[in-house]
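User: I would like to go through this structure with you and see, term by term, what each description rests on.

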Amino acid sequence: MFGTISPTLLVAALMVAATPILLAALGELVVEKAGVLNLGVEGMMIIGAICGFAVAVETGSPVAGFAGGALGGAALSLVFGVLTQFLLSNQVATGLALTLFGLGLSSLLGQGYVGIKPPATGRLDFGPLSDLPFAGRVVFGHDWVVYLSLALTVGIWWFLRRSRAGLTLRAVGESHDAAHALGLRVRATRLAAIAFGGACAGLGGAYLSLVRVPQWTEGMTSGVGWIALAIVVFASWRPGGVLLGAYLFGGVTVLQLNLQAAGVAIPVEYLSMSPYLITIAVLVVISARGTRRSLGAPADLGKQFHATR
Amino acid sequence: MQRRTFMGAVATAAILATGAIAQDDPVKVGFVYVGPVGDGGWTYEHDQARQAVEAEYGDRVETVFQESVPEGADAERVMTQMALSGADLIFTTSFGYMDPTMNVAQKFPDVKFEHATGYKTAENVSNYSARFYEGRAVQGFIAGSMTETDKIGYIASFPIPEVIRGINAAYLAASKVNPDVEFNVVWAYTWFDPAKEADAAQALIEQGADVILQHTDSTAPQAAAEAAGDVITFGQASDMAEYAPMPRVSSIIDNWAPYYIDRVGAVIDGTWESQSVWQGIGEGMVGIGEITDAVPEDIREEATRIKEAIGSGEMHPFTGPINRQDGSVWLEEGETADDETLLGMDFYVEGLSGEIPN
């Protein structure tokens, strides 16, 4: 049925397609674990996309570009951080505003970068390993950001589950009052988490503009940030689940385009709605397991913290 | 219901108020765009034309635009907002704005609307479109002559007559020079999503296509083709010259400026009337971007000849004998397609594989 589609190229393509979503969703996972709901992922991603693109073009170095993208995303997220943590603004409204602001600011910053080609980010060279059948392309045939995103998944899992700092972060997210009573620094922890989330989203955006597309176009994230937000819930706030969700979504998107290109006789309507259908189906299955609490949502997610005592 | 009546009353009051002092006020022209003005394609060209209007009339016009407006209920809200804030003429520049435009136009009989690429008109609604299929025929000829794998990838947006017409015109021209040519059509269901367009181009290239035609608005497929190396593409809606000479070997350019200047001028003079126009290469609304050196000399010359023949009306891209996909006769020998059939085209011509989604 899959006719002429090469599974090797398909898996390789889905990993590339999923990487921006994975990076952004991992960042948001950490933010939400700290009890903050930042709906501005889309805005931070697009700022990361233009900052990364601009820095890469100006310096000629894609690595500097990714660093610039991460910094841009983090800087924007700190606007959100200051507004919500110090000025106690509403997190949902501020997050939405951040997305609008990011989209506008990015098109302003991007005025001079339309139609320019960024320096290429090559695949890492693993020598003879890259010539292996299947694994050579799928495991050893990617650029370094793909490996970074996978390492980040493991790293965040380890941090949240095994490290003391991770425990502090989770405590802040579960009950900021209790954490505060214990003498933990709630605001500082949250601010750090927000900045980390912004950096990850910025990295994801830079991956779009530097590798996946690769060029700067206004509005180029076109909704990826929202998908990343959904995937955090989909994953029940677990890094492994985020990886699965991102690859599933990326995979179905790439698969449906490949099936169409191969001329497989499935009506196109079903193919194009399949990524969304599958996401909804999985969300239904997961939520059937229990309430928000038992799914692993941090208890103080989205609540404001004001130290009264 | 009450709120609607109230809004209607407010609108009428607003229009009467502006009408009373209209003499010295600049004419306010609104533009509703489906993508961002920096998309490098469709919306970019509409915005270039908006700027041309400003340059032409200076202080006598004031233009406003709203970009990335989704097709559907949101579009209606945006148009209502523009009409309420005193726009005299509103250009709605995407097929999917057709019904929203008709609805809003009914509520604001004194505001004039110009809808692009649709087929409905009213007392205060004109529709205008370009015969992109004429450009597609030139593209199809180059594509069919250049392909070595005999596989041509086509990134389609939505299954609407305009897109289907383009596929048919390109296929007819390509199969005429190269009877073995095959078209792989991917429906992206978006006008603008660079990542998805890049993925679609990638998938087509992996299936062996060495020519990519696109009916989506971003330059992402161009970048994907460039990365692949020996794949050629065509600029869509805009010249996309930054990808010349390879992979972009030519382009279809939408030139809306003369039309927009003409229509805004008609509003200023008070001579505006509802109309329905469909202009092509001959009138200059459709332009063919420079054919680069990557195309062999003889093909380039022949492509230019086809372009000129279509422009002068001596050649029609849909000239019989042409059968429909199911084998039934559409056009007899020497017969050319009438505009009505073209405007509502919902079938593939014989030779194309796959089905058109509903």
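User: How many residues of domain 1 of chain B are in contact with domain 2 of chain B, and what makes them count as being in contact?

Analyst: This is a predicted model, in which local features need pLDDT of at least 70 and side-chain atom pairs count only at pLDDT 80 or more, while totals for chains, interfaces and linings use all residues. Residues are numbered from 1 along each chain as its sequence is written, and chains are lettered from A and ligands numbered from 1 in the order in which they are written. Two residues are in contact if their C-beta atoms, placed from the backbone, lie within 7 Å; by that criterion 13 residues of domain 1 of chain B touch 13 residues of domain 2 of chain B. Helix α2 (residues 42-57) of chain B gives the largest share of the domain 1 side, four residues.

User: Where do the bounds of the domains of chain B come from?

Analyst: They come from an automatic or database domain assignment, which for chain B gives domain 1 (2-130) and domain 2 (132-252 + 287-343). The C-alpha centres of these two domains of chain B lie 31 Å apart.

User: What makes β2 and β11 of chain B the edge strands of their sheet?

Analyst: Strands (E, at least two residues) and helices (H or I, at least four) are DSSP runs, numbered from the N terminus, and two strands pair if DSSP finds at least two bridges between them. The open sheet of six strands runs β2-β1-β3-β4-β5-β11 in chain B, with parallel pairing, and β2 (61-66) and β11 (276-279) of chain B are called edge strands because each pairs on one side only.

User: How do you know that β1 and β3 of chain B pair?

Analyst: Strand β1 (residues 27-32) and strand β3 (residues 89-92) of chain B share four bridges in the parallel sense, so the requirement of at least two is met. Within this pairing, Val29(B) has Leu89(B) of β3(B) as its bridge partner.

User: What does the direction of α2(B) make with that of β2(B), and how is such an angle defined?

Analyst: Axes are lines fitted to C-alpha atoms, for helices over the stretch in contact, and angles run from 0 to 180 degrees between N-to-C directions. On that scale α2(B), which packs on the sheet and touches β1 and β2 of chain B, makes about 165° with β2(B). Helix α9 (residues 257-269) of chain B also packs on the sheet, and its direction makes about 140° with that of β1(B).
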